[in-house]
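Subject: The structure for you to look at

Hi there,

Here is the structure I promised to pass on. Could you open it and have a look alongside my notes?

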Amino acid sequence: MMHRSVSPAPPAAAATAMRAALLIQRWYRQYVARLEMRRRCTWNIFQSIEYSGQQDHIKLYNFFSFLMEHFGRSEGVCVSPPASLVSQMFGERSVCQDEPWEKHCCYTHIQLPDGYSGPHLTFPLTLSGVTELLHAFRNKQLHARYVLQLLGKTWTLLRLMPNISTVSTGTHTEITICGDLHGHLEDLLLIFYKNGFPSAETPYVFNGDYVDRGKESMEVLLVLFAFLLLYPHDMHLNRGNHEDHIVNLRYGFTKEVLSKYRVHGKLILELLQKIFSRLPLATIINQKVLIVHGGISDQTDLNVISKLQRHRFVSALRPLRRWDWPPDPEPDEDSSVYRRRVQSLTHCSPLRRHTPTHTARHSLHAGTGRCVEEELRERRRLAEDPELQHTHTDADEWKQIVDILWSDPMAQNGCVPNKVRSGGCLWGPDVTHAVLDKHQLQMLIRSHECKQEGYEFCHSGRVLTIFSASNYYDVGSNRGAYIRLGPDLVPHFKQFQASRSTRELTLRQSVGRTERSALQALKMQLFAHKSALIREFQEYDPERAGLVSLEHWAVVVEKVLQLSLPWRVLRSQLVSSSTQDGLLHYQDWVNQLSVLQPNTEIANTSLLETLYKHHSNLESIFRMIDTDHSGLISLEEFHQTWRLLSAHLQTDISDAAIAELAHSIDFNKDGSIDINEFMEAFRLVEHSRAERTAE
């Protein structure tokens, strides 16, 4: 049998083929690099807007805490109506009492309707009962009777748990660690599908932030609590910064519960407050790996954290005050333990409370300004007086909790206030090494930050961030991930993407889709700051020609929005027209932002812009005022809400403008306003091209 030989390609042809391959390779690398740059820029937009919202929320709550401290508890002093409203919003509630949950909830009196076709629970729970619950959540809802019963038993169990859970891996056992879920039930079910249900053979640690943002936060909680009751030694739940009823007011969980459980929603929310305050704060694996939600600071002390009474901190957004809690069943002999202090959520010295003076009779603006000066003087005096340091106990404990729930790592050495979030701290590699070495630990696993790949190492591999909510900012924005940790304590990662449509997209399609969503969110931010943008542009346009350079455009938008974004890179996508010889017609550009239109009309444009700029703050105040969770507030409460916002922003909003706004939204003229209808009426929507052309 004869074999035909193949002659080699001519040298010139081989060289040409090699050059072509190199050119294709170079082009592809540049193509991927450009996509990666676009993806990172998109990521920065989403993250900057998210953190800006957190800053607004914490500043607003700090303002309320200041009012409560200085005006809300005055004896024999006439306080202003807004301060009285704050007292109503944050006054003592039955949820603070550690009473038996059966008496508090009375679920036994709740009857199941005849037509109820949802899942039924029997206690003690069984694996078949829990799996039935999982399948039912695809299209049905658990009845409030079972919800309250399950939550009550969860609270009873959590009361027995320590502040820091300790877990050991057996010779052949791996522990699965999951990060933020944020109401993404689909992600949780996918994790269970890939990794198995919690059990003695498959133990889990979930690291907080189970709720808010996603639409199925309640279902996520019920599934996790059900497995906790089923396998209390193999299911471990840490508290996150979103396990906080004040945070839930802004980020959606409160609204979700009230919409799903209209009759018993208030009871459910009150019991959840008790549960959140009882969640453990940390988990340690094999005495070598520390798991906390946010991170650490240079003051973190696990010995202090292990001994504090965590249930007293119902909200981590403020330290305790002496009227917040009744005496504990086993009080400390030192009564100073119950003296509370108001602090900013960032790292600063405690503020010492003083008895309000007659300045509280003056206007809120004047009173607040004078009290701030007095507080600064009092801070200095407190810092210089060693005899007063023993009164810091509660503030120190509160700071320990805030740091582990809110902090983020940074590349530089040191520990500084976390101004990006306005909460916790930013800590460096030196702090990581010091704290871990002090407690003889090898690694810190934390969550709290969305990562594009679902996980990320820093600090020479000693800090690991894990995030388990895929498609967090938008479909295709990020992968989720979880960790499997064996006896060797070497983490193994499993990544996933819950959305099937995302998995079918090419890289270019996925980046493009996410980029459009991010730019839309950014345009909404620009629209809400139109007046401020015009004022700043005019500073660079003394002749009022209506023109500024593109360089000055970038300076102005950063100064107004303060998002720390690469505006020069974004310029081509945000400034597509209105340019002439390198100059921008800024008035035309701002007018183009008006393609984002409200769902309703109002004559007072200044009030309208304030509404959009502080839309989330308004909703937070409304839901704080709605103490009975009815979804309705009175016209007087509506007026006081705007007075509070005006005082917080230090701007003047006339009563006439507020009255006009109230009249425009009180559709049935019954003297009350539906919160959901109000917020929806003033939600920004983008008109389609056809609608804009028709106009």
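Below is what I found, beginning with the chain as a whole and then moving to two helix pairs and one tryptophan.

Please keep in mind that this is a predicted model.

**The whole chain**

The protein chain has 695 residues, and 56% of them count as buried. Its secondary structure consists of 26 helices and 21 strands. If we take contacts between residues at least 6 apart in sequence, 74% of them join residues at least 24 apart. The accessible surface comes to about 31,600 Å², with 50% of that belonging to carbon and sulfur atoms.

**Helices α9 and α10**

The first pair to look at is α9 (residues 253-260) and α10 (residues 265-278), whose axes come within 8 Å and cross at roughly 140°. That angle makes α9 oblique to α10, since only angles over 145 degrees would count as roughly antiparallel. The crossing of α9 and α10 is right-handed. On the α9 side, the residues in contact are F253, T254, V257 and L258, and they meet G265, K266, I268, L269, L272 and F276 of α10. Sorted by class, this contact has seven nonpolar, two polar and one charged residues.

**Helices α22 and α23**

Further along the chain, α22 (residues 615-625) and α23 (residues 635-649) have axes that come within 10 Å, with a crossing angle of roughly 130°. These two helices are therefore oblique to each other, and α22 passes α23 in a right-handed crossing. From α22, the residues N617, L618, I621, F622 and I625 take part, meeting E637, F638, T641, W642, L644, L645 and H648 in α23. The residues of this contact divide into eight nonpolar, three polar and one charged.

**W567**

Finally, a residue you may like to centre your view on: W567, which lies in helix α19 (residues 567-574). Is W567 buried or exposed? Its relative accessibility is 3%, so W567 counts as buried, the cut-off for that being under 20%. Leaving aside residues up to four places away in sequence, W567 touches L522, W553, A554, V557, E558, L561 and L574. One of these neighbours is another tryptophan, W553. W553 and W567 are 14 residues apart in sequence, and their C-alpha atoms are 8.7 Å apart in space.

I would be glad to hear what you make of it when you have had a look.

Best wishes

Definitions and conventions
Residues numbered from 1 in each chain as written. Predicted model: local features only at pLDDT ≥ 70, side-chain atom pairs only at ≥ 80, totals over all residues. Heavy atoms only, no water. Axes fitted to C-alpha atoms, helices over the stretch in contact; angles between N-to-C directions. Helix = DSSP H or I, 4+ residues; strand = E, 2+ residues; numbered from the N terminus. Parallel < 35°, antiparallel > 145°, perpendicular 65-115°, else oblique. Left-handed = near helix turned anticlockwise from the far one by under 90°. Contact = heavy atoms within 4.5 Å. Nonpolar A, V, L, I, M, F, W, Y, C, P; charged D, E, K, R; others polar. Buried < 20%, exposed > 50% of the residue type's maximum accessible area, 1.4 Å probe, protein only. Areas by Shrake-Rupley, 256 points an atom, 1.4 Å probe, with all protein chains shown as cover.
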